[in-house]
Amino acid sequence: MKAAKALLVIFAALAAALVLGVPAAAQQSGASSRFGVGTPTPDGVVAIKAGKVVDPETGKAAANQIILVEGRRIKEIGPNVAIPSGAKVVDLSRATVLPGLFDAHTHLCMTVIPKRDAGNYYFTTLLDTTAYRAIEGVANGQAMLQSGFTTVRDVGNAGNYADTALREGIEHGWVQGPTIINAGIIISVYGGQFHLQPEKKDLATPEYLFADTRDEMRKAVRQNIHFGAKVIKIYSADDIRFLREEAHAAGLKLAAHCWTHPGAHNAAEVGVDSIEHGFRMTDDDLQLAKKNGVTLVGTDFTQKMTEALGNPWEHSVWVDRLKRAYKIGVNMAFGTDVDIALPGETRGTLAIEYIDSWVEAGVPAPDILRAMTVNAARLLGVDKERGFLKPGMAADIIATPENPLENIQTLKKVSFVMKDGAIVKE
């Protein structure tokens, strides 16, 4: 999210989505324990005949593979897997199959309308109710899934916990969407990312929870844990250390939203789990991030996005920082920060176009794909469950016409999507 003033934002996202039971209302209506009318039920046993199967971690592709899916998980994968009688067979023999994609920086429950909001999401938050934004989240989540994004991290700006409601709706099977690791209400110093006026002090809520002392920060963190997620925005390195300790003690990861050089430097120095944006990072900042094991989620804006936001010159700055980060060897995960609506585009089509910035920065296709899968899975803490095509892993599977290791642009033409063993696009 673009800051209205130079601030350091800390996102403490859940390391893994909570497994929630179905509410009584769902049980009474006859919904299943996991999948309802919104999400297709896994088709028992599915055998996928894949022309190629890509392993993003190794950067290799294996030809003529069979992936056997049973329920929600991959049971077996290889060239000589026996297809059980009665299994549903999906013929992808002319396609390349790979793990579902990740977007590690999303805002599904907010859509800035440039003409209405003058490009200022402060106006968006004033005009759109939480209920409306939850419905927006449903549409945006479905669009992301259709474009091949099976897991996302939603890092705030969702009103009064619309992102938690969206996550629960997807987990209960009422609506289609990716696996969501959500951040809830942003915890911030007074004012948040908006400039308030004394007559209307409440206009930044519920978009932000204000916390200026450590007791207030701890209380705000606990509130967000209670409601399913947390986001913390602070200034000083000492506070970052305090919040990192609080987050890690609760089994959570800490991500720093950094729009300035000083903010990014402090976050890299402390060793947060990830730096978001890092727009103004110097080579020294990047070296420090590498040294301290910080992952960069660069949200490297495309030319189309910077033009839509009224800052076309910024695109070259993003690409330059991405190029330098790759050369230095900073670990990176793919994230987009798409939060606007453009004619003829969906949230998913806008997000996938961010690969163009990576190509422009000279990042090879195998490394782009790693950033969109295994690197992001490890950052989000779901790598034991998602991000790989291996027996026992969740069956989050997509297919493209060509091999993305050779032509990364083929990711813009995802032809098949399976999420948790259920086919949602074929």
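This note comments on a predicted model, taking in turn a sheet, a helix packed on it, and two buried residues.

1. Sheet arrangement. Strands E6, E7 and E8 make up an open, three-stranded sheet in that order, with parallel pairing. Its edges are strand E6 (101-106) and strand E8 (179-182), each of which pairs on one side only. From one strand to the next, the twist averages 15°.

2. Pairing of E6 with E7. Strand E7 covers residues 149-154 and is joined to E6 in the parallel sense by four bridges. Asp 103 has Val 152, in E7, as its bridge partner.

3. Helix on the sheet. Helix H4, spanning residues 130-146, packs on this sheet and touches both E6 and E7. The direction of H4 makes about 135° with that of E7.

4. Asn 375. This residue belongs to helix H15 (residues 374-380). Asn 375 has 15% relative accessibility and therefore counts as buried, since the cut-off for that class is under 20%. Leaving aside residues up to four places away in sequence, Asn 375 touches Asn 331, Met 332, Ala 333 and Arg 370.

5. Phe 301. The loop between strand E14 (295-297) and helix H10 (303-308) holds Phe 301. Is Phe 301 buried or exposed? Phe 301 counts as buried because its relative accessibility is 2%. His 277 and Phe 301 are separated by 24 residues in sequence, and their C-alpha atoms are 9.5 Å apart in space.

Notes: Residues numbered from 1 in each chain as written. Predicted model: local features only at pLDDT ≥ 70, side-chain atom pairs only at ≥ 80, totals over all residues. Heavy atoms only, no water. Pairing = 2+ DSSP bridges. Axes fitted to C-alpha atoms, helices over the stretch in contact; angles between N-to-C directions. Contact = heavy atoms within 4.5 Å. Buried < 20%, exposed > 50% of the residue type's maximum accessible area, 1.4 Å probe, protein only.
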